[in-house]
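The exercises below ask the reader to work from the sequence and the model towards a picture of the fold. Each task is followed by a solution that goes step by step.

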Amino acid sequence: MGPPLPRYVIDPPRGHRDTLPAAGTRLEPAEIFGRRAELVVEVGSGTGENIVAAALEHPERDHLGVEVYLPGLAQTLSRVERCGSPDNLRMLPLDAQGALPAMLPEGSIDELWVYFADPWPKQRHHKRRLINPPFLDAVLPLLAEGAVFRLATDWAQYAHHMRSQLDARPELTLLHPSGPRPQGRSSDAIPPDMAATGWAPRFEGRVKTGFESKGRAAGRLIWDLAYTRGPRPPAPDGTSDIEESTEQ
Ligand SMILES: C[S@@+](CC[C@H](N)C(=O)[O-])C[C@H]1O[C@@H](n2cnc3c(N)ncnc32)[C@H](O)[C@@H]1O
(Lines give C-alpha, C1' and ligand atoms only; values in the text may rest on other atoms or scores of the structure.)
Protein backbone atom coordinates (compact mmCIF):
# COMPACT_ATOMS: atom_id res chain seq x y z
CA MET A 1 0.00 0.00 0.00
CA GLY A 2 1.34 3.47 -0.92
CA PRO A 3 1.16 6.65 1.18
CA PRO A 4 -2.36 8.06 1.79
CA LEU A 5 -3.72 10.11 -1.12
CA PRO A 6 -4.11 13.86 -0.64
CA ARG A 7 -7.63 15.01 0.31
CA TYR A 8 -8.28 16.42 -3.15
CA VAL A 9 -8.10 12.97 -4.76
CA ILE A 10 -11.46 11.21 -4.67
CA ASP A 11 -10.68 7.55 -4.05
CA PRO A 12 -13.94 5.59 -3.96
CA PRO A 13 -14.16 1.81 -3.51
CA ARG A 14 -13.61 0.18 -6.90
CA GLY A 15 -15.97 -2.02 -8.88
CA HIS A 16 -15.23 -4.86 -11.27
CA ARG A 17 -12.42 -2.80 -12.82
CA ASP A 18 -9.85 -0.62 -11.09
CA THR A 19 -11.02 2.36 -13.11
CA LEU A 20 -14.70 2.05 -12.12
CA PRO A 21 -16.43 2.82 -8.81
CA ALA A 22 -18.22 0.11 -6.82
CA ALA A 23 -21.93 -0.08 -7.57
CA GLY A 24 -23.92 2.55 -5.71
CA THR A 25 -20.97 4.90 -5.06
CA ARG A 26 -22.27 8.45 -5.47
CA LEU A 27 -20.52 11.79 -5.66
CA GLU A 28 -22.51 14.76 -4.39
CA PRO A 29 -20.65 17.93 -5.46
CA ALA A 30 -22.09 20.00 -2.56
CA GLU A 31 -20.70 17.44 -0.11
CA ILE A 32 -17.24 17.09 -1.57
CA PHE A 33 -16.72 20.85 -1.99
CA GLY A 34 -18.72 21.87 1.09
CA ARG A 35 -20.82 24.35 -0.90
CA ARG A 36 -22.99 24.73 -4.00
CA ALA A 37 -21.14 26.43 -6.84
CA GLU A 38 -20.90 26.08 -10.61
CA LEU A 39 -19.13 22.82 -11.44
CA VAL A 40 -16.53 22.57 -14.21
CA VAL A 41 -15.50 19.03 -15.20
CA GLU A 42 -12.52 18.23 -17.41
CA VAL A 43 -12.42 14.72 -18.85
CA GLY A 44 -8.90 13.57 -19.69
CA SER A 45 -7.23 16.32 -17.69
CA GLY A 46 -3.77 14.93 -18.49
CA THR A 47 -1.13 16.55 -16.30
CA GLY A 48 -3.67 19.06 -14.97
CA GLU A 49 -2.52 22.14 -16.87
CA ASN A 50 -6.05 23.38 -17.59
CA ILE A 51 -8.04 22.26 -14.58
CA VAL A 52 -5.49 23.53 -12.05
CA ALA A 53 -5.16 26.91 -13.82
CA ALA A 54 -8.96 27.20 -13.94
CA ALA A 55 -9.34 26.41 -10.23
CA LEU A 56 -6.83 29.14 -9.37
CA GLU A 57 -8.39 31.64 -11.79
CA HIS A 58 -11.98 30.96 -10.64
CA PRO A 59 -12.23 30.47 -6.87
CA GLU A 60 -16.01 31.02 -7.19
CA ARG A 61 -16.39 27.76 -9.20
CA ASP A 62 -15.68 24.14 -8.31
CA HIS A 63 -13.52 21.96 -10.57
CA LEU A 64 -13.28 18.24 -11.09
CA GLY A 65 -10.51 16.69 -13.20
CA VAL A 66 -11.09 13.14 -14.39
CA GLU A 67 -7.99 11.30 -15.54
CA VAL A 68 -7.50 7.58 -15.84
CA TYR A 69 -3.73 7.71 -16.56
CA LEU A 70 -2.03 7.59 -13.17
CA PRO A 71 1.30 9.22 -14.22
CA GLY A 72 -0.82 12.19 -15.45
CA LEU A 73 -2.59 12.25 -12.09
CA ALA A 74 0.78 12.19 -10.28
CA GLN A 75 1.95 15.21 -12.29
CA THR A 76 -1.34 16.96 -11.55
CA LEU A 77 -0.85 16.37 -7.84
CA SER A 78 2.60 17.92 -7.79
CA ARG A 79 1.23 20.87 -9.80
CA VAL A 80 -1.63 21.25 -7.27
CA GLU A 81 0.80 21.23 -4.37
CA ARG A 82 3.05 23.81 -6.02
CA CYS A 83 -0.05 26.03 -6.38
CA GLY A 84 -1.10 25.80 -2.74
CA SER A 85 -3.84 23.14 -3.18
CA PRO A 86 -6.93 25.26 -3.97
CA ASP A 87 -10.06 24.11 -2.10
CA ASN A 88 -12.19 24.21 -5.24
CA LEU A 89 -10.41 21.34 -7.05
CA ARG A 90 -10.81 17.58 -6.83
CA MET A 91 -9.34 14.82 -8.98
CA LEU A 92 -11.13 11.60 -9.87
CA PRO A 93 -8.72 8.90 -11.15
CA LEU A 94 -11.38 6.83 -12.92
CA ASP A 95 -12.76 6.12 -16.40
CA ALA A 96 -15.06 9.09 -16.99
CA GLN A 97 -17.45 7.18 -19.24
CA GLY A 98 -18.24 4.57 -16.61
CA ALA A 99 -17.72 6.61 -13.46
CA LEU A 100 -19.40 9.97 -14.09
CA PRO A 101 -22.93 8.73 -14.92
CA ALA A 102 -22.74 6.25 -12.04
CA MET A 103 -21.59 8.85 -9.53
CA LEU A 104 -22.78 12.36 -10.42
CA PRO A 105 -26.41 13.59 -10.29
CA GLU A 106 -28.05 14.40 -13.62
CA GLY A 107 -27.85 18.10 -14.47
CA SER A 108 -24.94 18.71 -12.08
CA ILE A 109 -22.25 19.88 -14.56
CA ASP A 110 -22.14 23.53 -15.68
CA GLU A 111 -19.08 23.25 -17.98
CA LEU A 112 -17.63 20.11 -19.49
CA TRP A 113 -14.21 20.22 -21.17
CA VAL A 114 -12.57 17.65 -23.42
CA TYR A 115 -9.29 19.03 -24.77
CA PHE A 116 -6.98 17.18 -27.13
CA ALA A 117 -8.58 13.79 -26.60
CA ASP A 118 -6.55 10.92 -28.08
CA PRO A 119 -7.26 11.14 -31.84
CA TRP A 120 -6.98 7.44 -32.74
CA PRO A 121 -6.26 8.36 -36.38
CA LYS A 122 -6.35 4.84 -37.88
CA GLN A 123 -9.75 3.88 -39.28
CA ARG A 124 -9.80 0.60 -37.37
CA HIS A 125 -9.28 2.51 -34.09
CA HIS A 126 -11.98 5.15 -34.61
CA LYS A 127 -14.30 3.29 -32.28
CA ARG A 128 -11.85 3.97 -29.43
CA ARG A 129 -12.34 7.73 -29.76
CA LEU A 130 -13.85 9.32 -26.68
CA ILE A 131 -16.29 11.46 -28.66
CA ASN A 132 -18.57 8.64 -29.70
CA PRO A 133 -22.13 7.62 -28.73
CA PRO A 134 -21.26 5.66 -25.54
CA PHE A 135 -19.44 8.62 -23.99
CA LEU A 136 -22.05 11.15 -25.13
CA ASP A 137 -24.88 8.97 -23.82
CA ALA A 138 -23.02 8.84 -20.50
CA VAL A 139 -22.21 12.52 -20.03
CA LEU A 140 -24.87 14.60 -21.81
CA PRO A 141 -27.57 13.86 -19.17
CA LEU A 142 -25.16 15.23 -16.56
CA LEU A 143 -25.13 18.68 -18.17
CA ALA A 144 -27.34 21.32 -16.55
CA GLU A 145 -29.64 23.34 -18.78
CA GLY A 146 -27.46 26.06 -20.33
CA ALA A 147 -24.26 24.15 -19.54
CA VAL A 148 -21.39 24.62 -21.98
CA PHE A 149 -19.48 21.71 -23.53
CA ARG A 150 -16.07 22.82 -24.83
CA LEU A 151 -13.74 20.73 -26.96
CA ALA A 152 -10.48 21.27 -28.81
CA THR A 153 -8.39 19.06 -31.05
CA ASP A 154 -5.39 19.43 -33.34
CA TRP A 155 -6.58 16.65 -35.66
CA ALA A 156 -8.80 17.83 -38.54
CA GLN A 157 -10.24 14.35 -39.05
CA TYR A 158 -11.20 14.12 -35.38
CA ALA A 159 -12.68 17.65 -35.48
CA HIS A 160 -14.83 16.51 -38.41
CA HIS A 161 -15.86 13.38 -36.50
CA MET A 162 -16.72 15.47 -33.42
CA ARG A 163 -18.96 17.71 -35.52
CA SER A 164 -20.79 14.71 -36.97
CA GLN A 165 -21.36 13.25 -33.48
CA LEU A 166 -22.20 16.44 -31.61
CA ASP A 167 -24.26 18.26 -34.26
CA ALA A 168 -26.53 15.21 -34.35
CA ARG A 169 -27.42 15.48 -30.65
CA PRO A 170 -30.76 17.28 -30.23
CA GLU A 171 -29.87 18.38 -26.69
CA LEU A 172 -26.82 20.35 -27.94
CA THR A 173 -26.71 23.67 -29.81
CA LEU A 174 -23.61 25.22 -31.36
CA LEU A 175 -22.59 28.33 -29.43
CA HIS A 176 -20.97 29.96 -32.49
CA PRO A 177 -23.05 28.87 -35.50
CA SER A 178 -21.35 31.34 -37.83
CA GLY A 179 -17.85 30.99 -36.36
CA PRO A 180 -15.33 30.49 -39.19
CA ARG A 181 -12.93 27.61 -39.63
CA PRO A 182 -9.41 28.10 -38.26
CA GLN A 183 -7.28 29.85 -40.86
CA GLY A 184 -3.99 28.73 -42.32
CA ARG A 185 -2.33 25.69 -43.83
CA SER A 186 -2.71 22.35 -42.18
CA SER A 187 -0.21 19.51 -42.37
CA ASP A 188 -3.00 16.96 -41.94
CA ALA A 189 -5.67 16.46 -44.59
CA ILE A 190 -8.85 18.46 -44.00
CA PRO A 191 -11.90 16.42 -45.03
CA PRO A 192 -13.48 17.97 -48.16
CA ASP A 193 -16.89 18.15 -46.46
CA MET A 194 -15.54 19.83 -43.32
CA ALA A 195 -18.08 22.37 -42.00
CA ALA A 196 -17.17 25.93 -43.04
CA THR A 197 -18.81 27.47 -39.95
CA GLY A 198 -19.82 26.52 -36.43
CA TRP A 199 -16.29 26.69 -34.98
CA ALA A 200 -15.61 28.42 -31.69
CA PRO A 201 -12.92 31.02 -31.10
CA ARG A 202 -10.18 29.84 -28.81
CA PHE A 203 -11.70 29.74 -25.32
CA GLU A 204 -9.75 32.35 -23.37
CA GLY A 205 -9.75 30.12 -20.28
CA ARG A 206 -7.96 27.29 -22.15
CA VAL A 207 -4.23 27.24 -21.45
CA LYS A 208 -1.84 25.88 -24.06
CA THR A 209 -0.92 22.33 -23.08
CA GLY A 210 1.96 20.20 -24.29
CA PHE A 211 -0.47 18.39 -26.63
CA GLU A 212 -1.51 21.65 -28.28
CA SER A 213 2.13 22.74 -28.67
CA LYS A 214 3.02 19.40 -30.25
CA GLY A 215 0.14 19.69 -32.73
CA ARG A 216 1.09 23.24 -33.69
CA ALA A 217 4.77 22.27 -34.07
CA ALA A 218 3.69 19.50 -36.45
CA GLY A 219 1.82 22.09 -38.58
CA ARG A 220 -1.70 21.12 -37.57
CA LEU A 221 -4.49 23.65 -36.99
CA ILE A 222 -6.35 23.88 -33.68
CA TRP A 223 -10.10 23.27 -33.90
CA ASP A 224 -12.22 24.62 -31.03
CA LEU A 225 -15.87 23.75 -30.48
CA ALA A 226 -18.46 24.93 -27.97
CA TYR A 227 -22.03 23.71 -27.52
CA THR A 228 -24.70 24.60 -25.03
CA ARG A 229 -27.18 22.17 -23.53
CA GLY A 230 -30.83 23.03 -24.20
CA PRO A 231 -33.78 22.61 -21.84
CA ARG A 232 -33.87 19.30 -20.05
CA PRO A 233 -36.83 17.08 -20.99
CA PRO A 234 -39.80 17.19 -18.64
CA ALA A 235 -40.00 14.45 -16.02
CA PRO A 236 -42.46 11.64 -16.90
CA ASP A 237 -45.09 13.02 -14.48
CA GLY A 238 -45.15 16.29 -16.44
CA THR A 239 -43.18 18.41 -13.94
CA SER A 240 -39.82 19.57 -15.27
CA ASP A 241 -36.68 18.65 -13.36
CA ILE A 242 -35.74 22.34 -13.51
CA GLU A 243 -38.73 23.12 -11.29
CA GLU A 244 -37.77 20.26 -8.99
CA SER A 245 -34.21 21.48 -8.60
CA THR A 246 -35.26 25.07 -7.72
CA GLU A 247 -37.44 23.71 -4.91
CA GLN A 248 -34.44 22.23 -3.06
C1 LIG B 1 -4.04 13.30 -25.35
S2 LIG B 1 -4.30 13.46 -23.66
C3 LIG B 1 -4.74 15.18 -23.44
C4 LIG B 1 -4.60 15.64 -22.04
C5 LIG B 1 -5.04 17.09 -21.76
N6 LIG B 1 -6.45 17.28 -22.02
C7 LIG B 1 -4.19 18.08 -22.52
O8 LIG B 1 -4.72 18.79 -23.38
O9 LIG B 1 -3.00 18.14 -22.22
C10 LIG B 1 -5.85 12.64 -23.42
C11 LIG B 1 -6.04 12.19 -21.98
O12 LIG B 1 -7.36 11.67 -21.84
C13 LIG B 1 -7.30 10.61 -20.90
N14 LIG B 1 -8.51 9.79 -21.07
C15 LIG B 1 -8.87 9.12 -22.20
N16 LIG B 1 -10.03 8.46 -22.00
C17 LIG B 1 -10.41 8.74 -20.72
C18 LIG B 1 -11.52 8.36 -19.93
N19 LIG B 1 -12.48 7.54 -20.42
N20 LIG B 1 -11.61 8.81 -18.66
C21 LIG B 1 -10.63 9.63 -18.16
N22 LIG B 1 -9.55 10.02 -18.87
C23 LIG B 1 -9.44 9.59 -20.13
C24 LIG B 1 -6.00 9.91 -21.26
O25 LIG B 1 -5.54 9.12 -20.17
C26 LIG B 1 -5.09 11.09 -21.57
O27 LIG B 1 -4.38 11.51 -20.43
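Helices (H or I, at least four residues) and strands (E, at least two) are DSSP runs, numbered from the N terminus. The model is predicted, with local features needing pLDDT of at least 70 and side-chain atom pairs counting only at pLDDT 80 or more, while totals for chains, interfaces and linings use all residues. Residues are numbered from 1 along each chain as its sequence is written, and side-chain values use heavy atoms, with hydrogens and water left out.

**Exercise 1. Describe the loop between β4 and α5 through Pro 121 and Phe 116.**

Step 1. Place the residues: Pro 121 lies in the loop between β4 and α5, and Phe 116 is also found in the loop between β4 (109-115) and α5.

Step 2. Classify them by relative accessible area, where buried means under 20%, exposed over 50% and partly exposed in between (1.4 Å probe, protein chains only). Pro 121 has 51% relative accessibility and so counts as exposed, whereas Phe 116, at 9%, counts as buried.

Step 3. List the contacts of Pro 121, a contact being heavy atoms within 4.5 Å. When residues up to four places away in sequence are not counted, Pro 121 touches His 126, Arg 129 and Trp 155. The C-alpha atoms of Pro 121 and Gln 157 are separated by 7.7 Å, although these residues are 36 residues apart along the chain.

Step 4. Inspect the backbone: Phe 116 is not a glycine, yet its phi is positive, at about 55°. Most residues other than glycine have a negative phi. A second case is Ser 85, whose phi is near 50° and whose place is in the loop between α3 (70-82) and β3.

**Exercise 2. Determine which residues of α4 are buried and what they pack against.**

Step 1. Helix α4 covers residues 96-103, and within it Ala 96, Ala 99, Leu 100 and Met 103 are buried.

Step 2. Look down the helix axis and take the arc of the directions from that axis to the C-beta atoms. The buried residues of α4 fall within an arc of 95°, so they line one face of the helix.

Step 3. Find the partners of these buried residues, which are β1 (39-43), β2 (62-66), β3 (89-92) and α5 (133-139).

Step 4. Continue past the helix to Glu 106, in the loop between α4 and β4, which counts as exposed at 58% relative accessibility. Outside the residues up to four places away in sequence, Glu 106 touches Pro 141, Leu 142 and Arg 232. For Glu 106 and Arg 232 the sequence separation is 126 residues, and the C-alpha to C-alpha distance is 10.0 Å.

**Exercise 3. Compare sequence separation with distance in space for Arg 36 and Ala 53.**

Step 1. Arg 36 sits in the loop between α1 (29-33) and β1 and, with 67% relative accessibility, counts as exposed. Arg 36 and His 161 are 125 residues apart in sequence, and their C-alpha atoms are 35 Å apart.

Step 2. Ala 53 belongs to helix α2 (residues 49-57) and counts as partly exposed, at 28% relative accessibility. Between Ala 53 and Leu 174, 121 residues apart along the chain, the C-alpha separation is 26 Å. Apart from neighbours within four places in sequence, Ala 53 is in contact with Gly 48 and Val 207.

**Exercise 4. Summarise the chain as a whole.**

Step 1. The chain has 8 helices and 7 strands. Its radius of gyration is 18 Å, close to the 18 Å of the globule rule for 248 residues, so the chain is as compact as a globular protein of that length. The radius is taken over C-alpha atoms, and the rule is 2.2 Å times the number of residues to the power 0.38.

Step 2. Along its principal axes the C-alpha trace spans about 50 × 50 × 35 Å, and 46% of the 248 residues count as buried.

Step 3. Of the contacts between residues at least 6 apart in sequence, 75% join residues at least 24 apart.

Technical notes:
Contact = heavy atoms within 4.5 Å.
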